[in-house]
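Good morning, and thank you for the time. I would like to take the group briefly through one model, beginning with a question about its cysteines.

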Amino acid sequence: MKHCKRFLFWVVLVVVVLIGLSEIGAIITSGVLISQQTPAQNRGAVIGIFNLCGAIGILVSSVAGGYLYDHWDQSGPFVFVGCCGLLVFIWGLLVKNKIVPLNQ
């Protein structure tokens with residue numbers, strides 16, 4: 001039993017590290033995309049709106065996750081955030097070939 005718990009710890013640790021790396025990768029690539037697609041004179045405003053939307057997303061997901069946890073299941077917040085991530089992934093696939101760098 002002790003060996004199983006130790007193995008599970010390492011599996012969860014690897015998964016959490018991968019999630020953290022993918023999150024920071026998404027943040028960094030978003031900044032690169034903004035700098036490619038936005039004229040220099042508007043870049044600060046666009047980055048500000050991007051960060052504002054991120055803060056609003058954190059607030060909404062906290063409220064929705066708490067509601068789902070209380071009224072549905074303990075896994076509700078994770079299901080909600082996973083579904084949001086899936087929607088972003090699908091959106092990314094749909095617009096993948098429509099993004100043209102500003103300097104081309």
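Does Cys 84 count as buried, exposed or partly exposed? At 33% relative accessibility, Cys 84 counts as partly exposed. Please bear in mind that what is displayed is a predicted model.

Cys 83 is likewise partly exposed, its relative accessible area being 43%. Turning to bonding, a search of the whole structure returns zero disulfides. Cys 83 takes part in none, and its nearest cysteine sulfur, that of Cys 84, lies 7.1 Å away. Why, then, is Cys 84 not bonded to Cys 83? Because the closest cysteine sulfur to that of Cys 84, in Cys 83, is 7.1 Å off, which is too far for a bond; the cut-off applied here is 2.5 Å.

I turn now to the helices. Helix H1 spans residues 2–37 and helix H2 spans residues 43–71. The two pack at an angle of about 145 degrees, and their axes are 10 Å apart. The crossing of H1 past H2 is right-handed.

Which residues form this contact? From H1 come Ser 30, Ile 34 and Ser 35, and these meet Arg 43, Val 46, Ile 47 and Phe 50 of H2. By character, the residues of the contact comprise four nonpolar, two polar and one charged.

Finally, a word on confidence. The protein chain has a mean pLDDT of 87, with 95% of its residues at 70 or more. Among the elements of the chain, the highest mean pLDDT belongs to H2, at 92, and the lowest to H1, at 86. Thank you; I welcome discussion.

Conventions: Residues are numbered from 1 along each chain as its sequence is written. This is a predicted model: local features need pLDDT of at least 70, side-chain atom pairs count only at pLDDT 80 or more; totals for chains, interfaces and linings use all residues. Side-chain values use heavy atoms; hydrogens and water are left out. Buried means under 20% relative accessible area, exposed over 50%, partly exposed in between (1.4 Å probe, protein chains only). Axes are lines fitted to C-alpha atoms, for helices over the stretch in contact, and angles run from 0 to 180 degrees between N-to-C directions. Helices (H or I, at least four residues) and strands (E, at least two) are DSSP runs, numbered from the N terminus. A crossing is left-handed if the near helix is turned anticlockwise from the far one by less than a right angle, and right-handed if clockwise. Contact means heavy atoms within 4.5 Å. Ala, Val, Leu, Ile, Met, Phe, Trp, Tyr, Cys and Pro count as nonpolar, Asp, Glu, Lys and Arg as charged, and the others, Gly among them, as polar. pLDDT is the predictor's confidence in each residue, from 0 to 100.
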